[in-house]
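User: I have a structure open and I would like to understand how the words used to describe it are justified. Could you go through it with me, setting each value against its cut-off?

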Amino acid sequence: MVLEDITDDNWRAVADIAPADGQRRFVAALGARYLLLSLRGGVWTSLAVRAGEEVAGHVMWAYDEEDGTHWVGGMLVDASQQGRGVGRAALRALVHRLSASPACREIRLSYHPDNTMAAGLYESLGFTPTGAYEDEELVASLHVTAARPAT
């Protein structure tokens, strides 16, 4: 599993990523929404999640200059790829990539409190709920000193 930049060769596959039916209330129905937020909003950076030869998902991140935190803004694994560890591997790879920057001290994300699968994944990777909310989603945080790769 690798993270790769969005290119002319993979953007259509990223746009077509679709979650399982039971997850549609927690995430965008298609990867196209997240991709457009990145391409048109000027805040988010999108990455394709590739498992072998296939684009299996999408993840996006941003840097908040006001408080110096990095944010995971959305992660979507195609329904056909779920249950294979793609989401866990993608989030680990993103944490590794972000934490390699000396400026990265904290990574945050948010999720709907009813999304117990996401909560379990994030907590298993070291994210802890902060008690704060972003819109209707619970914010979780990972302090990067514990996640920073050795140099």
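User: What is the order of the strands in the open sheet?

Analyst: In this predicted model, seven strands form an open sheet in the order 1-2-3-4-5-7-6, and their pairing is mixed. Strand 1 and strand 6 each have a single partner strand, so they stand at the edges and one side of each is left without a neighbour in the sheet. Neighbouring strands are turned by 35° against each other on average, when direction is ignored.

User: How do you know that strand 2 and strand 3 pair?

Analyst: Two strands count as a pair if there are at least two bridges between them. Strand 2 and strand 3 have seven bridges, in the antiparallel sense, so the condition of at least two is met. Within this part of the sheet, Thr-45 stands opposite Trp-61 in strand 3.

User: Which strands do helix 2 and helix 4 touch or lie across?

Analyst: Helix 2, residues 31-41, lies across strand 2, strand 3 and strand 4, and runs at about 35° to strand 3. Helix 4 packs on the sheet and touches strand 4, strand 5 and strand 6, while its direction makes about 165° with that of strand 5.

User: Why is the link between Arg-50 and Glu-4 called a salt bridge?

Analyst: The name requires a side-chain nitrogen of Lys or Arg within 4 Å of a carboxyl oxygen of Asp or Glu. For Arg-50 and Glu-4 the closest N and O atoms are 2.9 Å apart, so the pair satisfies that limit. Because Arg-50 lies in strand 2 and Glu-4 in strand 1, the salt bridge ties together parts that are 46 residues apart in sequence.

User: How many salt bridges does the structure hold, and which residues are linked in a network?

Analyst: There are three salt bridges in the structure, and Asp-67, Glu-106 and Arg-108 are linked in a network of them. Asp-67 meets Arg-108 at 3.3 Å, N to O; Asp-67 lies in the loop between strand 3 and strand 4 and Arg-108 in strand 5, so this pair ties together parts that are 41 residues apart in sequence. Arg-108 also meets Glu-106, at 3.0 Å, N to O.

User: What makes Glu-106 buried, and what makes Arg-108 partly exposed?

Analyst: Buried means under 20% relative accessible area, exposed means over 50%, and partly exposed is in between. Glu-106 has 14%, so it is buried, whereas Arg-108, at 22%, counts as partly exposed. Asp-67, with 32%, is partly exposed, and so is Glu-4, with 21%.

User: Where is Asp-135 found, and is it buried or exposed?

Analyst: Asp-135 is found in the loop between strand 6 and strand 7. Its relative accessible area is 74%, so with a limit of over 50% Asp-135 is exposed. The phi angle of Asp-135 is near 60°, a positive value in a residue other than glycine.

User: Which residues have the most contacts inside the largest nonpolar core?

Analyst: The largest nonpolar core has 29 residues, and those with the most contacts inside it are Tyr-122 and Phe-127. Helix 3 gives the most to this core, with six residues. Leaving aside neighbours within four places in sequence, Phe-127 is in contact with several residues, including Leu-91, Val-95, Ile-107 and Leu-109. Apart from the largest core lies another, of nine residues, among them Ala-15, Tyr-34, Val-55 and Leu-76.

Methods:
Residues numbered from 1 in each chain as written. Predicted model: local features only at pLDDT ≥ 70, side-chain atom pairs only at ≥ 80, totals over all residues. Heavy atoms only, no water. Helix = DSSP H or I, 4+ residues; strand = E, 2+ residues; numbered from the N terminus. Buried < 20%, exposed > 50% of the residue type's maximum accessible area, 1.4 Å probe, protein only. Core = buried A, V, L, I, M, F, W, Y, C linked by side-chain atoms within 4.5 Å. Contact = heavy atoms within 4.5 Å. Axes fitted to C-alpha atoms, helices over the stretch in contact; angles between N-to-C directions.
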